[in-house]
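Here is a short, friendly walk through one molecular model. Please keep the sequence and the 3D view open while you read.

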Amino acid sequence: MISEELQNLLLKYCEPEDELLQQIDRETHLKVLMPRMLSGHYQGRVLSLLSKMNTPKRILEIGTFTGYATLCLAEGLTEDGLIYTLDINAELEEMVRKSFAKSPLNSKIKYLIGDAQQSLKTLANEIFDLVFIDADKKNNGTYYDLIFEQVKSGGIIIVDNVLWSGKVLNNAQDKDTKNISSFNDKIAADKRVEKLILPVRDGLFVIRKK
């Protein structure tokens with residue numbers, strides 16, 4: 001949503017990618033359909049910094065894709081912290097597990113394959129400090145409602161793609177865009193949280209539970 005020139009400037013002034021994240025980026029673009037779903041360098045550093053500021057003991061990620069954001073979020077975990085990352089795409093599992101195995105954070109990652117709503121049932125006893133929702137957009141509101149009571153007071157929920165390439169500005173919206181707009185309206189009206197949208201890549205809704 002910003003020019004390539006300005007994007008390059010932003011990258012100049014943020015923390016660098018480590019070698020593993022660079023490798024995941026390259027492999028995703030070479031081997032995986034819709035590589036644009038990858039968080040990428042700048043958004044990855046935003047997620048990492050938000051996580052480090054929160055110092056979470058428990059993180060939930062809904063939507064692993066190729067694991068880039070997972071590793072960025074895991075950088076902020078406490079020494080005894082864990083991140084549960086949920087994804088339905090079993091075809092990517094081998095690739096993702098190989099990448100995780102190369103990370104010193106591997107022991108802190110619990111990677112669950114299957115329907116997210118079913119996987120969440122197995123995590124019913126967990127309390128989360130940080131949640132990142134980046135899966136099927138039509139279910140953003142469903143995931144939000146399912147996990148809300150498991151987020152501690154002061155915890156953060158981050159939802160990706162809430163600007164939907166600027167389509168949320170259109171008067172005539174397709175079904176996917178309407179779902180995004182409805183979710184945004186839902187959060188705007190939720191008095192239980194403080195919230196703002198960061199115009200990072202496709203829009204990050206950062207939501208703090210009061």
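The report below looks at pockets first, then at a helix and two single residues.

Please bear in mind throughout that this is a predicted model.

**Two pockets**

A good place to start is the largest pocket, which has a volume of about 1,300 Å³. Its lining is made up of 49 residues. To find the centre of this pocket in your viewer, look for Met 37, Asp 134, Ala 135, Lys 137 and Asn 161, the lining residues that lie nearest to it. Several elements give two or more residues to the lining: the helices α1 (4-12), α3 (40-54), α4 (68-74) and α6 (116-121), together with the strands β1 (58-62) and β2 (82-87).

The second largest pocket holds about 220 Å³ of space. Cys 14, Glu 15 and Pro 16 are part of its lining, and so are Arg 45, Val 46, Ser 48, Leu 49, Leu 50, Lys 52 and Met 53.

The table sets out the lining of each pocket by class.

| Pocket | Nonpolar | Polar | Charged |
|---|---|---|---|
| Largest pocket | 20 residues | 16 residues | 13 residues |
| Second largest pocket | 6 residues | 1 residue | 3 residues |

**One side of helix α7**

Now turn to helix α7, which spans residues 140-147. Which of its residues are buried? They are Asn 140, Gly 141, Tyr 143, Tyr 144 and Ile 147. These residues cover an arc of only 165 degrees around the axis, so they sit on the same side of α7.

**Two buried residues**

Ser 51 belongs to helix α3. Is Ser 51 buried or exposed? With a relative accessible area of 0%, Ser 51 counts as buried because that value is under the 20% cut-off. Leaving aside neighbours within four places in sequence, Ser 51 is in contact with Pro 56, Ile 59, Leu 73, Gly 76, Leu 77 and Leu 130.

Thr 177 is a residue of helix α8, which runs over residues 175-188. Thr 177 is buried too, as its relative accessible area is 1%. Once neighbours within four places in sequence are set aside, the contacts of Thr 177 are Trp 164, Lys 167 and Val 168. With Trp 164, Thr 177 also makes a polar contact, from side chain to side chain, at 3.5 Å.

Notes: Residues are numbered from 1 along each chain as its sequence is written. This is a predicted model: local features need pLDDT of at least 70, side-chain atom pairs count only at pLDDT 80 or more; totals for chains, interfaces and linings use all residues. Side-chain values use heavy atoms; hydrogens and water are left out. On a 1 Å grid over the protein atoms alone, a cavity is a set of points where a 1.4 Å probe fits but cannot get out, and a pocket is an open set with protein on both sides within 12 Å along at least five of seven lines; lining residues have an atom within 4 Å of a point. Grid points are joined across faces, edges and corners, and a volume is the space filled by probe spheres set on the points. Helices (H or I, at least four residues) and strands (E, at least two) are DSSP runs, numbered from the N terminus. Ala, Val, Leu, Ile, Met, Phe, Trp, Tyr, Cys and Pro count as nonpolar, Asp, Glu, Lys and Arg as charged, and the others, Gly among them, as polar. Buried means under 20% relative accessible area, exposed over 50%, partly exposed in between (1.4 Å probe, protein chains only). The arc is that of the directions from the helix axis to the C-beta atoms. A polar contact is a pair of N or O atoms within 3.5 Å; within protein, one must be able to donate a hydrogen and the other to accept it, and residues adjacent in sequence count only if both atoms are side-chain atoms. Contact means heavy atoms within 4.5 Å.
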